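User: Please take a close look at the pairing of one strand, and then work outward from it to the rest of the chain. I would like one connected account rather than a list.

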Amino acid sequence: MPVIQVEKLTKAFRTYKKKPGFRGALAGLFHREYEQTLAAKDVSFTVEEGEFVGFLGPNGAGKTTTLKMLAGLLYPTSGEARVLGYVPWERQDGYRRQFALLLGQKNQLWWDLPARESLELNAKIYGIAADSFERTVGELTELLDVKDKLNVMVRELSLGERMKMELIASLLHQPKVLFLDEPTIGLDVVSQKKVRQFLRHHNATRKTTILLTSHYMADIQELCPRVIIIDHGTIFFDGRLHEVLDRFADFKLVTIQCESGESGSAENLKKYGEVVEQTPASIKLKVKRDRVIPVCKALLDELLVSDIDIQEVPIEDVIRQIFARQ
Ligand SMILES: Nc1ncnc2c1ncn2[C@@H]1O[C@H](COP(=O)(O)OP(=O)(O)O)[C@@H](O)[C@H]1O
Ligand SMILES: [Mg+2]
């Protein structure tokens, strides 16, 4: 049975539309106008045990809302979900002990305590035994390289260090399911890499089921074989990351090496595609996917080609394109 089952999950937020100025505020006292935002609309998917799924979408797409419903922080307007057999918003203790939600944009640790004490408080909430706590904190601080930061006040930690502590806090009770909402946002490149390595290791060794959102395609590319893409509250792709390219990438990059001075005139090459780069001995063309084979044939006929290389457009560009199109 899948660990996460989501069926037509929908969340409508009703927001009060305030008219400008004092008159508007006064009018609002008597007659309020509401606007409705469908933050999630008929969202359906399933996730099997141990999967590491990337949840992608532009700002405001409905990612956080969906994760919050799965964590039981929000009631859906309609639809169903089960995680580990539990209905999240029933907030049963059995469920609370088996999942964690990390909100990268929110601080969940006690600001005015040393990191260690803040973690201890978290451990108390979950009723974690002292020896188990010591073992877990020892192991996780080692892996995340923050062993020497345990006595530092949370508010004095760097963003990267704090996020690592947040991650440790969310893992103290050894959850089977992890919802990670932008866990690397704003981190320096080194911390980002460390967190990524850690997550990969954790998923591989513990078989933890993880749903991750991130603005950084590097996170998704390194961690998530499968992605779910959502926009305006609706899922429009759910599949292997590499299939995103097959489905949405309109172009490939064709690079040709030829005898020096033989790379032809840019004007002449334009008919094959956009010239991205050109040196006397090489050309890089952006060619429509379905034209790649005929274009290569034509180039081989026309030029003294010594090498040819066909590459996918970077996935980051493809995703950006998809969202620009929506
Ligand atoms: N508490 C709320 N009240 C009203 N609207 C909200 C609330 N939370 C989120 N929204 C709206 O729902 C939509 C989805 O938001 P969110 O789930 O945070 O998107 P994402 O995490 O993908 O950036 C946005 O239009 C957002 O403004
Ligand atoms: Mg969000």
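Analyst:
**Strand 10 and its surroundings**

I256 stands opposite I283 in strand 12. The model is a predicted one, and this pair is a convenient place to enter it. Strand 10, residues 251–258, pairs with strand 12 in the antiparallel sense, over 7 bridges. Strand 10 is also joined to strand 13 by 7 bridges, and these two strands run antiparallel as well. One of the positions involved is Q257, whose bridge partner in strand 13 is D307. Strand 10 is thus bridged both to strand 12 and to strand 13.

Strand 12 has a further partner. Strand 11 (residues 274–279) and strand 12 (residues 282–288) run antiparallel and are joined by 5 bridges. These two strands form a hairpin, with 2 residues between them. T279 has S282 of strand 12 as its bridge partner.

Strand 13 (305–312) is preceded by helix 11 (292–302), and L303 lies in the loop between them. Is L303 buried or exposed? Its relative accessible area is 11%, under the 20% limit, so L303 counts as buried. L303 and E259 are 44 residues apart in sequence, yet their C-alpha atoms are 8.5 Å apart in space.

The domain assignment divides the protein into domain 1 (4–246) and domain 2 (250–325). The C-alpha centres of the two domains lie 41 Å apart. In the contact between them, domain 1 supplies 13 residues and domain 2 supplies 9.

The nonpolar interior also links the two domains. The largest nonpolar core has 52 residues, and L119, M165, L167 and V244 touch the most other members of it. Helix 6 gives the most to this core, with 6 residues. At least three residues of the core come from domain 1, and at least three from domain 2. L167 shows what such a member touches: leaving aside neighbours within four places in sequence, it is in contact with L102, L144, L180, V195, F198 and L199. A second core, separate from this one, has 29 residues, among them V43, F45, V47 and V87. As background, nonpolar side chains in soluble globular proteins tend to be buried together.

Two helices show how buried residues are arranged in domain 1. Helix 5, residues 130–144, has 15 residues and reaches 21 Å from its first C-alpha to its last, close to the 21 Å expected at 1.5 Å a residue. Its buried residues are S132, F133, T136, V137, L140, T141 and L144. Viewed down the axis of helix 5, these fall within an arc of 140°, and therefore they line one face of the helix. The face turned away from this buried side carries the exposed residues D131, R135 and E142. The buried residues pack against helix 4 (115–125), helix 6 (159–171) and helix 7 (189–206). L144 of helix 5 also appears among the contacts of L167. Just after helix 5, D145 has a positive phi of about 65°.

Helix 4 has a similar layout to describe. A115, S118, L119, N122 and A123 are its buried residues. They cover an arc of only 145° around the axis, which puts them on the same side of helix 4. Helix 5 and helix 6 are included in what covers them. L119 is also one of the residues that touch the most other members of the largest core. Just after helix 4, G127 takes a positive phi of about 65°.

Two loop residues complete the account. R91 has a phi near 50°, positive in a residue other than glycine, and is found in the loop between strand 4 (78–83) and helix 3 (93–96). R91 has 51% relative accessibility, over the 50% limit, so this residue counts as exposed. Q174 also has a positive phi near 50°, and it too is a residue other than glycine. Q174 sits in the loop between helix 6 and strand 6 (177–181). With 44% relative accessibility, Q174 counts as partly exposed.

Note on methods: Residues are numbered from 1 along each chain as its sequence is written. Chains are lettered from A and ligands numbered from 1 in the order in which they are written. This is a predicted model: local features need pLDDT of at least 70, side-chain atom pairs count only at pLDDT 80 or more; totals for chains, interfaces and linings use all residues. Side-chain values use heavy atoms; hydrogens and water are left out. Helices (H or I, at least four residues) and strands (E, at least two) are DSSP runs, numbered from the N terminus. The expected span of a helix is 1.5 Å times one less than its number of residues. Buried means under 20% relative accessible area, exposed over 50%, partly exposed in between (1.4 Å probe, protein chains only). The arc is that of the directions from the helix axis to the C-beta atoms. Contact means heavy atoms within 4.5 Å. A nonpolar core is a set of buried Ala, Val, Leu, Ile, Met, Phe, Trp, Tyr and Cys residues joined through side-chain atoms within 4.5 Å. Domain bounds come from an automatic or database domain assignment. Two strands pair if DSSP finds at least two bridges between them.
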